[in-house]
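Here is a briefing on one protein chain. Please look over the sequence and the structure before reading on.

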Amino acid sequence: MAGLLYRLGRFSARRHWLVIITWVVIMAVAGVTYSLFSGTISSAISIPNTKTSQVQDELADKFPSANGGNGTIVFETKNGKAFTDAQKSEVADFLTKVEKLDGVKGATSGFDTQDQLDEQRQKIVDGRKEITDGRAKLETGQDQLDAQKAQLTSGKQQIEDAQAQLDAQKAQGEAAGAALPAAQAQAAAAQLQQAQAQIDAQQAQIDAGEQQIADAQKTIDVNTKKLDDSADELEQGSKLLDLSKDVRFVSSNGSAAIGTVQFTKSTYEVPADTKTAIADDADSADISGVNVYVSNDIAQGVPSILGPGEIVGVIIAALVLFLMLRTVIGAAIPLVSAVLGVGVASLASLSFSGLVEFISVTPVLGVMLGLAVGIDYSLFILNRHRTQLKQGMQVHESIGLANGTSGNAVVFAGATVIVALLALNITGIPFLGLMGTVGAVAVFFAILIATSFTPALLSLIGMRILRKKERAKIGNTGSTRVPNKPMKTWRAIVTLVAGVAVLGVIALPATQMRLGLPTGASESVDSSQYKAYKALDEEFGAGQNGPLLVVATLPESISKSDVTATEVTIGEALAKNDDVKAVLPIGTSSDRDIIAFQVKPGGGPDSISTENLVKDLREQTVTTDDGTVTLGVAGNASANIDVSEKLSNVLPLYLVVVVGLSLIILIIVFRSFLVPITATAGFILSVMASFGGLTAIYQWGWLGSVFGVHDPAPILSFLPIIEIGILFGLAMDYQLFLVSGMREAYAHGASAKVAVQRGLHAGRAVVTAAAIIMISVFAGFIFSDSSTIKPIGFGLAFGVLIDAFVVRMLLIPAAMHLLGQSAWWFPKWLDRIVPDVDVEGAKLERSHPVAGQPGQPGQPGQPGQPGQPGHEDTHTGSHALPVAPDANAHESGHPPAHRA
C-alpha cells in the first residue's frame with residue numbers, strides 16, 4: 001500500500017493539473033447526477049416492523065379511515081381573549097384551503113369539533129330531562145290506570161253480588177213456582193230474566209273495561225321498556241363523554257383552538273412538500289389578531305447543511321492551521337481539500353435520495369465528518385511534506401514519500417473509521433445503516449482527496465508551502481531536544497488514578513440517560529413548533545402534544561346495537577391506567593371488529609409516565625362478553641418510544657462489535673495484547689464521559705443557557721450508536737499517531753519507559769492540532785438551528801476533547817509507563833502468524849532516505865547503521881527517533897509499525 005501511495009503521490013505531483021481538473025469534473029458530474037436523480041429528504045425517523053408500524057398496517061387493512069397520520073395547527077388570539085365570530089370564520093377558511101392540498105385527507109376546525117362535543121353533552125342533559133318527563137307521564141298514566149282497575153274491580157264485585165242475589169231469587173221462585181198462579185209465576189220469571197239481562201249487560205261493560213285496561217297497561221309497559229332502553233343508551237353515551245371530559249379542542253377561556261389535519265398516509269410517510277406547503281400557509285396566514293402555529297409533526301424541517309455556527313467552526317479550524325503552519329497557502333490546502341471532498345461525497349450520496357429514503361440528519365452527518373477528517377488527513381500529509389522539504393528533499397520526491405508514509409497512515413486510520421461506520425448496518429435499522437454508509441462515503445472521499453488532490457496542490461504550490469525563513473534554512477533544520485528520561489512513576493500513578501476518577505465522575509450522569517426523539521419543545525424558542533408545543537401544553541395539558549392511538553381488536557364482530565356498550569367497556573378499562581387523562585372513541589371498522597380510541601396521557605410525549613403508559617396499555621388485558629380484546633398502541637409518541645427502544649436494544653451489540661474490532665486491529669498493528677486493551681479501555685472511558693456530558697447538559701439542563709438548551713429532554717435515540725462508531729475511528733487515529741511513535745522508539749532501542757516520552761513528544765503537536773480542528777468543526781454544529789444536530793455536534797466535540805487531550809495524552813502514556821516492557825509482550829507463535837502491517841510506510845522510507853536523516857551515510861557524527869546511537873539528544877526533524885544512549889536495540893522481528 002505504501003508503494004502504491006508513493007507512486008500515486010508522484011503521479012499527482014507530476015500531473016497536477018490533470019488530477020485537479022479530474023476532481024473538478026468529478027464534482028461537476030456529481031452535481032449533475034444530484035440535479036437529475038435526487039429526491040426529497042424526510043425529517044421523520046421511523047423503523048419498520050415495530051409495534052407501532054404493525055398497528056398502522058392493521059389499520060390500513062381494516063380501518064383505512066383511521067390510518068392516516070395527523071398534524072396539529074394551533075390558533076391563538078394575540079390579545080388572549082376569546083375568538084370573535086369573524087376570526088372563527090377566517091380560521092375555517094384557512095383550514096378549507098389546507099384541505100385542498102395534495103396528501104391531505106381532511107382538515108377539521110377545533111371550533112366545530114368542540115361544538116359537536118358540547119352538543120353531545122347537551123343532548124345527554126336534554127335526553128335525561130326527556131326521560132324524566134316521560135317517566136313522570138308514564139307514572140301518571142299508570143296511576144290513572146290503577147284507579148280504573150280499582151273501579152272495575154269494585155263494579156265487578158257488585159255484579160257478582162247482584163248475580164248471587166239474583167240466583168237466590170231464582171231458587172226461591174222455582175221453589176214457590178208451583179204454589180203461585182201461572183200469571184204471577186210468569187211475571188216473576190220475566191222480572192228475573194230482565195234482572196239477569198241487566199247483570200249480563202253490566203258484565204259485558206266490565207269485560208270491555210278490563211280489555212281496555214289491559215291494552216292501556218300493555219302500552220305503558222311498551223313505553224316503559226322503550227324509555228328504559230333509551231335511558232341505558234343515554235347513560236352509555238354519558239359514560240363515553242365522561243371518559244373524554246378532559247379532551248378539548250378549544251381552550252376553556254376560548255383564546256386557543258386546535259385545528260386537526262388528517263393525511264392520506266401515516267405521518268412518517270407524508271411527503272415533505274405537503275408539510276412544507278402547510279407550514280408556508282401558516283406562516284403567511286393573515287388572520288386578524290390570530291397567531292397560527294404548526295406543530296412539530298408538520299413543521300419538523302430539514303436542517304441547513306452549513307449554518308453560521310458551522311462556518312465559525314471552519315474559521316477556527318483555519319486559524320489553527322495558520323498558527324501551526326504560519327502560512328496562508330498552507331492553511332488553505334487542507335480546507336480546500338476538505339470542502340472538495342465534502343462536496344463530491346454529499347452530492348454523490350444525495351443523488352440516491354430519489355431511490356433511498358434519506359432522513360434530514362444523514363447529509364449533515366456526512367458534511368460534519370467529511371470536513372473534520374478531510375482537514376486532518378490533508379494536514380498529516382502536508383505536515384510531513386513540509387518537514388521533508390526543510391530537510392532538503394526534492395518537491396516531487398517529498399510529495400511521493402509523504403503520500404506513501406503519512407498517506408498510508410491516513411488510509412489505515414480512515415479505513416478504521418469507515419469500517420466502524422459501515423458496521424452500523426449490522427443493527428438492522430435502515431436509516432441508521434444509511435447514516436453510517438453516507439458517513440463512510442464522506443470519509444472515503446476524504447481519503448481519496450487527501451492522497452491525490454492534496455499532492456497535486458502541493459506540487460502546484462511548490463516551495464511556497466514553506467515560509468521565506470524556512471526556505472532560507474533548507475537543509476539546516478537545527479536540532480530539537482527529545483526526552484531521555486522517563487516520567488516519574490508517582491506522576492504516572494497520580495495521572496492515571498486522577499484521570500480515571502475525573503472521567504468516571506463526568507460519566508456518572510450517563511447512568512440516567514434516557515433515549516428519545518426531538519419534540520416541539522426541543523426546537524428554537526422562536527420557531528412555530530416550539531410555540532405550538534407550549535400553547536398546547538399551557539392551554540390543553542401536556543398530553544395534548546402526544547396523544548396515543550389505541551386500537552382494540554375484538555375477538556369477533558359485534559352488532560351495531562352493541563357498539564356503544566363495547567366502547568364503554570373498553571374505554572373504562574383504558575381509563576383505569578395511571579396517567580390516562582381522557583379516552584375518546586374515534587370509530588369502528590366497517591365489519592365492527594376493530595374499535596379505535598384516542599388516549600390523552602397526563603405527561604408529554606417524551607415523559608417517563610407516557611413511556612410507561614404505552615407499555616402498560618400493550619400489556620393490558622380487556623375482556624368483553626365475547627372474549628379477550630387485543631390492544632395495540634400507535635401514534636407519534638408511541639412511534640418515538642418504539643424507535644428509541646429498538647435503538648437502545650441494538651446498542652450493546654454494536655458496542656461489542658466495535659470494541660472487538662478495535663482489539664483485533666490494534667493487536668495486528670502494535671503486536672501486543674496490553675496496548676490494545678489499554679486503548680480500548682480508554683475509548684470506553686471517552687465514550688462514557690461524552691455520554692455523561694450529553695446527559696447532564698441536554699437531559700438535565702446543566703449549562704443550558706450556554707448551549708441553548710431551554711427545555712431539557714431525552715437524548716437523541718440514535719446518537720449513542722453514531723457517536724460510538726465515529727469516536728472509535730477517531731480514537732484509533734490518535735492512538736496510532738501517538739503509541740506507534742512509542743513503539744518505534746522502543747524498537748530502535750530506547751527503554752520502554754523512555755520510549756513513552758519520546759513517542760508522546762514526537763506526536764503531540766500534530767495530534768493537538770488535528771484534535772483542535774476536529775473539535776472546532778464539530779462544535780460549530782452545536783449552535784445549529786436543528787435540535788437533532790445540536791447534541792450530535794456536542795457529543796462528538798466533547799468526545800474528541802476527552803479522548804485526545806485526557807485519554808491519549810495523559811492516561812495512555814501513564815498506563816504505558818506503569819506497564820513498562822510488559823506492554824510490548826507478544827507470544828512468538830502469534831508473532832509469526834499475525835501479518836506485518838507497515839502502517840506508515842517505514843520500509844518505503846528506508847528505501848527513500850531523507851537528507852539529514854539519522855542513519856544516513858555522510859552525515860557527521862551519525863553512523864550508517866540503524867539501531868546505533870548517534871546524536872542521541874537531538875531530533876533532526878524527521879519522524880525517526882534516535883536511540884536511547886543506555887539501551888540496546890530490541891529484537892522485535894518487525895520494523896516500526898507507525899511513525900508519529
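The points below cover the overall make-up, the nonpolar cores, one kinked helix, the cavities and two single residues.

This is a predicted model. The chain has 900 residues, and 54% of them are buried. Its secondary structure comes to 26 helices and 15 strands.

**Overall make-up**
- Take the contacts between residues at least 6 apart in sequence: 82% of them join residues at least 24 apart.

**Nonpolar cores**
- The largest nonpolar core has 149 residues.
- Tyr 377, Leu 432, Phe 683, Phe 718 and Trp 824 have the most contacts inside this core.
- Helix H22, residues 719-747, gives the most to the largest core, with 18 residues.
- A second core is separate and has 26 residues. Among them are Leu 243, Val 580, Leu 617 and Ala 637.

**Helix H24**
- H24 spans residues 789-819 and carries a kink of about 45 degrees. The kink is centred on Val 807.
- Why is H24 described as largely enclosed by the rest of the structure? Of its 31 residues, 25 are buried, so the rest of the structure largely encloses H24.
- Gly 820 comes just after H24 and takes a positive phi of about 65 degrees.
- H24 also helps to line the largest cavity, supplying at least two residues.

**Largest cavity**
- The model has four cavities of 30 Å³ or more.
- The largest cavity holds about 250 Å³ of space.
- Its lining has 18 residues. Those closest to the cavity centre are Ser 522, Tyr 698, Ala 713, Ser 787 and Pro 791.
- Strand S14 (715-716), like H24, supplies at least two residues of this lining.
- By class, the lining has 11 nonpolar, five polar and two charged residues.

**Second largest cavity**
- The volume of the second largest cavity is about 50 Å³.
- Its lining has seven nonpolar, three polar and no charged residues.
- Three helices each supply at least two lining residues: H10 (328-350), H11 (361-390) and H13 (430-461).
- Which helix gives the most to this lining? H10 does, with four residues.
- The lining residues include Ala 345, Ser 346, Ser 349 and Leu 350. Phe 358, Pro 363, Gly 366 and Val 367 also line this cavity, as do Val 438 and Ala 442.

**Ser 717**
- Ser 717 sits in the loop between S14 and H22.
- Is Ser 717 buried or exposed? Its relative accessibility is 1%, so Ser 717 counts as buried.
- Ser 717 and Leu 515 are 202 residues apart in sequence. In space, their C-alpha atoms are 4.6 Å apart.
- Leaving out residues up to four places away in sequence, Ser 717 touches Leu 515, Gly 516 and Leu 517. Ser 717 also touches Val 643, Ser 644 and Leu 647.

**Gln 142**
- Gln 142 is part of helix H5, which covers residues 110-176.
- Gln 142 has 18% relative accessibility. Buried means under 20%, so Gln 142 counts as buried.
- Which residues does Gln 142 contact, neighbours within four places in sequence aside? The contacts are with Gln 217 and Ile 220.

Conventions
Residues are numbered from 1 along each chain as its sequence is written. This is a predicted model: local features need pLDDT of at least 70, side-chain atom pairs count only at pLDDT 80 or more; totals for chains, interfaces and linings use all residues. Side-chain values use heavy atoms; hydrogens and water are left out. The bend at a residue is the angle between axes fitted to the seven residues ending there and the seven starting there. Buried means under 20% relative accessible area, exposed over 50%, partly exposed in between (1.4 Å probe, protein chains only). A nonpolar core is a set of buried Ala, Val, Leu, Ile, Met, Phe, Trp, Tyr and Cys residues joined through side-chain atoms within 4.5 Å. On a 1 Å grid over the protein atoms alone, a cavity is a set of points where a 1.4 Å probe fits but cannot get out, and a pocket is an open set with protein on both sides within 12 Å along at least five of seven lines; lining residues have an atom within 4 Å of a point. Grid points are joined across faces, edges and corners, and a volume is the space filled by probe spheres set on the points. Ala, Val, Leu, Ile, Met, Phe, Trp, Tyr, Cys and Pro count as nonpolar, Asp, Glu, Lys and Arg as charged, and the others, Gly among them, as polar. Contact means heavy atoms within 4.5 Å.
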